[in-house]
Amino acid sequence: MAKRRPRGRNVNGILLLDKVGGVSSNGALQMVKKMFAAAKAGHTGSLDPLATGMLPICFGEATKFSQFLLESDKSYRVTAKLGVITETGDADGDVVSTTAVTATPAQIEDALMSFKGDIEQVPSMYSAIKHQGVPLYKLAREGKTVERKPRPVTIYDLRILRIEGDELEFEVDCSKGTYVRSLVEDTGEKLGCGGHVTALRRLSAGPYPAERMLTLEQLGKIKETGGFEAIDELLLPLSTSVADWPRIELGDNAAYYLQQGQPVMTSDRPADGWVSIYQASSEEFLGVGEVLEDGRIAPRRLVSG
């Protein structure tokens, strides 16, 4: 039987979508994919419907590198309401309890700042982590609760923007796997009053800054005036997904053998770890590889020729 060809345009690159609130990450992905009429697209880590901001969308060959963005560091702007606990840890959930907030601004700041550094978090039952193949949030909606093991994460930096009564606004730079809802809930627990997220905006993901984001509305206006050519020009190159990795440049012979799936030797390399790989003569991004114990570079994800 002949292999069915994908429907849609062969689009390659990365779009930094500024997701609006009230839409799921998958819903936003499908709208963008339709706008580009793309054959293949995927996002790089879910944002809750309540959340807004950075949602990198990978098209075509870029989907090979989406896992590296999924595993990258993130930064967020968070607004939290103390004294109110909800089922989901955010404003979309039903209120479970209400407690008067007696903590001073200094005590609130100290409680939040105590989580800076390497910590362990227990994932929310309303997270997308799977238990026996089923996302926790689906189990939670059925009224089920399962044991969750604490997961190590790192809070690199915390910047308090505002403390007014029971409302707290701050920015956080954190590692992959960090649950901002859990950070707010744990802060509220430390203060003895609880708390939940009322607004969440992802400011950055991996190497991508907030300034490069575009909303669906902006994309629509650009397409309306310039068509597919205009919105295709907004896509970032595949190489930007690993822009902060060590860069290796290969000669033509080494590049050829690497593209055949063979590890190659090069003198200009780090001692270990993953690297981004380019062909020196053309400056073409070939993909990513890993330094082996013998010093050779093994291909791990390559761009199709």
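This briefing walks through the packing, the strand pairings and a handful of individual residues in the structure above. Keep in mind that the model is a predicted one. Its largest nonpolar core brings together 45 residues, and another core, of 17 residues, lies apart from it. Two annotations come from an unreviewed UniProt entry: an active site at Asp48 and a C-terminal domain at residues 246-303.

**Nonpolar cores**

- In the 45-residue core, the residues with the most contacts inside it are Leu15, Phe36, Ile57, Phe59, Val78, Phe170 and Val172.
- Helix H1 (residues 25-36) supplies the largest share of this core, with five residues.
- The separate core of 17 residues counts Met54, Ala62, Phe65 and Tyr208 among its members.
- Val78 is a good place to start looking around: beyond its sequence neighbours up to four places away, it touches Leu168, Glu169, Phe170, Val172, Val180, Val184, Val197, Ala199 and Leu200.
- Phe36 also turns up in a long-range pairing: its C-alpha atom is 9.5 Å from that of Gly227, although 191 residues separate the two along the chain.
- Gly227 itself belongs to helix H6 (residues 216-232), and a relative accessible area of 22% makes this glycine partly exposed.

**Strand S12 and its partners**

- S12 covers residues 195-205 and is mostly tucked away, with eight of its eleven residues buried.
- Strand S3 (residues 52-59) runs parallel to S12, and two bridges join them.
- Strand S4 (residues 74-82) runs antiparallel to S12, with nine bridges joining the pair.
- Arg202 of S12 is worth clicking on: Gly53 has Arg202 as its bridge partner, and Tyr76 stands opposite Arg202 as well.

**The annotated active site, Asp48**

- The "active site" label at Asp48 comes from the unreviewed UniProt entry.
- Asp48 sits in the loop between strand S2 (41-43) and S3.
- With a relative accessible area of 26%, Asp48 is partly exposed.
- Setting aside neighbours within four places in sequence, Asp48 is in contact with Lys19, Val23, Asp90 and Arg181.

**Two buried hydroxyl residues, Thr154 and Ser182**

- Thr154 is part of strand S10 (residues 151-164).
- Thr154 counts as buried because its relative accessibility, 19%, falls under the 20% cut-off.
- The side chains of Thr154 and Asp118 make a polar contact of 2.8 Å.
- Asp118 is also one of the residues that Thr154 touches beyond its sequence neighbours up to four places away; the others are Gly117, Asp173, Cys174, Ser175 and Thr178.
- Ser182 lies in helix H5 (residues 180-191) and is buried, at a relative accessible area of 2%.
- Not counting residues up to four places away in sequence, Ser182 touches Gln121, Val122 and Ser124.

**The loop at Thr240**

- Thr240 is found in the loop between H6 and S13.
- Its side chain reaches the backbone oxygen of Pro237 at 2.6 Å.
- Leaving aside neighbours within four places in sequence, Thr240 is in contact with Ile14, Pro207 and Tyr208.
- Thr240 and Tyr208 are 32 residues apart in sequence, and their C-alpha atoms are 8.3 Å apart in space.
- That same Tyr208 is listed in the separate core of 17 residues.

**The C-terminal stretch**

- The unreviewed UniProt entry gives residues 246-303 the feature "domain: tRNA pseudouridine synthase II TruB subfamily 1 C-terminal".
- This span is 14% helix and 41% strand, and its end C-alpha atoms lie 18 Å apart.
- An open sheet of four strands runs in the order S13-S14-S15-S16, with mixed pairing.
- S13 (247-250) and S16 (297-302) are the edge strands, each pairing on one side only.
- On average, neighbouring strands in this sheet are turned by 40° against each other, with direction ignored.
- S13 and strand S14 (residues 274-279) run parallel and are joined by four bridges.
- Leu250 has Gln279 as its bridge partner in S14.

Notes: Residues are numbered from 1 along each chain as its sequence is written. This is a predicted model: local features need pLDDT of at least 70, side-chain atom pairs count only at pLDDT 80 or more; totals for chains, interfaces and linings use all residues. Side-chain values use heavy atoms; hydrogens and water are left out. A nonpolar core is a set of buried Ala, Val, Leu, Ile, Met, Phe, Trp, Tyr and Cys residues joined through side-chain atoms within 4.5 Å. Buried means under 20% relative accessible area, exposed over 50%, partly exposed in between (1.4 Å probe, protein chains only). Contact means heavy atoms within 4.5 Å. A polar contact is a pair of N or O atoms within 3.5 Å; within protein, one must be able to donate a hydrogen and the other to accept it, and residues adjacent in sequence count only if both atoms are side-chain atoms. Two strands pair if DSSP finds at least two bridges between them. Axes are lines fitted to C-alpha atoms, for helices over the stretch in contact, and angles run from 0 to 180 degrees between N-to-C directions. UniProt positions are given in the numbering used here, feature names are shortened, and annotations may be inferred rather than shown by experiment.
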